[in-house]
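Student: Could you take me through the packing of the interior in this model, with a close look at how its helices meet? I would like one connected account rather than a list.

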Amino acid sequence: MVVSSRGRFAPSPTGPLHFGSLVAALGSLLSARRHGGRWFVRIEDLDTPRNAAGAVDSILRDLDRFGMHWDGEVMYQSQRPEAYAEALETLAARGWTFACGCSRRDLAGGVYPGTCREGLPPGRSARSVRFRVGTAVVGFEDIVQGPTTQGLETEVGDFVVRRSDGIVAYHLAVVVDDAAQRVNEVVRGTDLLESTPRQILIQRALGLPAPEYTHLPVAVDAGRRKLGKQTLARPIASEPPGAVLVDALEFLGQHPPRALAQAPAAEVIAWGIEHWDRSRVPRRRTLPAPGYAGGPPRARSCFQ
């Protein structure tokens with residue numbers, strides 16, 4: 001039996017859509033549609049201090065303008081506290097989690113040493129909830145990046161699934177949400193590649209299936225920094241949709257005809273669906289995308 005693809009784009013509303021996030025959205029859309037599947041949008045707005053006013057409407061408006069139309073209703077993490085609470089209860093009941101009284105200062109950014117694993121030390125109160133990794137070594141085959149293996153005990157340590165401010169951590173929320181939307185292929189940037197083993201471990205603990213993973217190259221600026229809010233990536237809201245989509249397809253190794261840059265977004269998307277070949281996607285891009293970083297508007301395609 002052929003299983004229909006179910007993909008998703010899950011942006012955090014920390015700012016407007018930029019070229020790097022468009023690349024991730026486009027890759028996930030084309031992969032799902034190429035196989036006759038469905039594509040969903042999820043807004044990962046749990047980290048409320050980082051959310052930017054108006055960002056959600058801006059992102060959804062830009063996706064629509066670029067011809068990237070999603071199926072069903074948009075999912076909002078902020079509307080799903082009960083689902084995350086239930087998952088935390090299940091993990092606790094199965095012995096996978098423990099309360100931790102350590103602060104970031106205590107850990108100094110290193111691998112968690114297991115300070116509270118067997119109980120809170122005297123004088124400490126619970127701050128966060130951590131996942132007990134044990135001696136787990138998790139491996140998976142990424143469609144673009146190839147085989148990936150991580151020894152969580154030595155490389156990550158017991159990791160946080162509920163933060164000290166009460167906000168559920170990304171790794172738990174994304175697993176619960178992917179299962180709820182029955183996502184069976186996750187297409188996203190390589191900046192999240194090292195997070196995947198933690199998510200697979202949570203899936204196993206909750207008895208959930210693991211989707212297929214495809215990690216795309218990340219767009220960077222001239223300083224080899226990932227495009228984003230912190231690196232002043234330029235919003236693409238005012239850019240011509242056809243030209244930006246063609247640049248994104250080229251970035252993903254699909255080599256569309258340059259004449260498509262003048263075409264409507266729907267025509268470019270249709271070409272992308274018909275010709276999508278994930279074997280052509282490069283593992284990484286060494287060339288920056290200067291036309292979409294901070295600074296003056298680009299004069300031409302940065303991939304010509």
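Tutor: A nonpolar core is taken here as a set of buried Ala, Val, Leu, Ile, Met, Phe, Trp, Tyr and Cys residues that are joined through side-chain atoms within 4.5 Å. The model is a predicted one, and its largest core of this kind has 45 residues, with Phe19, Leu22, Leu26, Trp39, Leu63, Met68 and Leu245 making the most contacts inside it. Two or more residues are given to this core by each of helix H1 (19–34), strand E2 (38–43), helix H2 (55–65), helix H8 (241–251) and helix H9 (265–275), and the largest share, nine residues, is that of H1.

Tryptophan 39 gives a view of the surroundings of one such residue: leaving aside neighbours within four places in sequence, tryptophan 39 is in contact with Gly7, Arg8 and Phe9, with Ala25, Ser28, Leu29, Ala32 and Arg33, and with Met68, His69, Trp70 and Asp71. A second core, separate from the largest one, has 31 residues, among them Leu88, Phe131, Phe159 and Leu201. As a general background, nonpolar side chains in soluble globular proteins tend to be buried together.

Two of the elements that contribute to the largest core, H8 and H9, also pack against each other, with their axes 8 Å apart and an angle of about 20° between them. Since angles under 35 degrees count as roughly parallel, H8 and H9 are therefore roughly parallel to each other, and H8 passes H9 in a right-handed crossing. Pro241, Gly242, Leu245, Val246 and Leu249 make the contact on the side of H8, while Ala265, Val268, Ile269, Trp271 and Gly272 make it on the side of H9; by class, these are eight nonpolar, two polar and no charged residues.

The loop between H8 and H9 holds alanine 261, which is buried, with a relative accessible area of 12%. Not counting residues up to four places away in sequence, alanine 261 touches Gly242, Ala243 and Val246. By contrast, the C-alpha atoms of alanine 261 and leucine 193, which are 68 residues apart along the chain, are separated by 31 Å.

The other helix pair to examine is H6 (residues 170–180) with H7 (residues 196–206), whose axes come within 9 Å and cross at roughly 55°. That angle makes H6 oblique to H7, and H6 passes H7 in a right-handed crossing. H6 enters the contact through Tyr170, His171, Leu172, Val174 and Val175, and H7 through Arg198, Gln199, Ile202, Gln203 and Leu206, so that by class the contact has six nonpolar, three polar and one charged residues.

Eight of the 11 residues of H6 are buried, so this helix is largely enclosed by the rest of the structure; the buried residues are His171, Leu172, Ala173, Val174, Val175, Val176, Asp177 and Asp178. After H6 comes arginine 182, whose phi is positive, near 55°.

Valine 161, in strand E8 (residues 159–162), is buried with a relative accessible area of 0%. Residues up to four places away in sequence aside, valine 161 touches Leu88, Thr97, Val129, Arg130, Phe131, Val168, Ala169, Leu172 and Ile202. Of these partners, Leu172 belongs to the H6 side and Ile202 to the H7 side of the contact described above, and Leu88 and Phe131 are included in the second core.

Terms used: Residues are numbered from 1 along each chain as its sequence is written. This is a predicted model: local features need pLDDT of at least 70, side-chain atom pairs count only at pLDDT 80 or more; totals for chains, interfaces and linings use all residues. Side-chain values use heavy atoms; hydrogens and water are left out. Buried means under 20% relative accessible area, exposed over 50%, partly exposed in between (1.4 Å probe, protein chains only). Helices (H or I, at least four residues) and strands (E, at least two) are DSSP runs, numbered from the N terminus. Contact means heavy atoms within 4.5 Å. Axes are lines fitted to C-alpha atoms, for helices over the stretch in contact, and angles run from 0 to 180 degrees between N-to-C directions. Angles under 35 degrees count as roughly parallel, over 145 as roughly antiparallel, 65 to 115 as roughly perpendicular and the rest as oblique. A crossing is left-handed if the near helix is turned anticlockwise from the far one by less than a right angle, and right-handed if clockwise.
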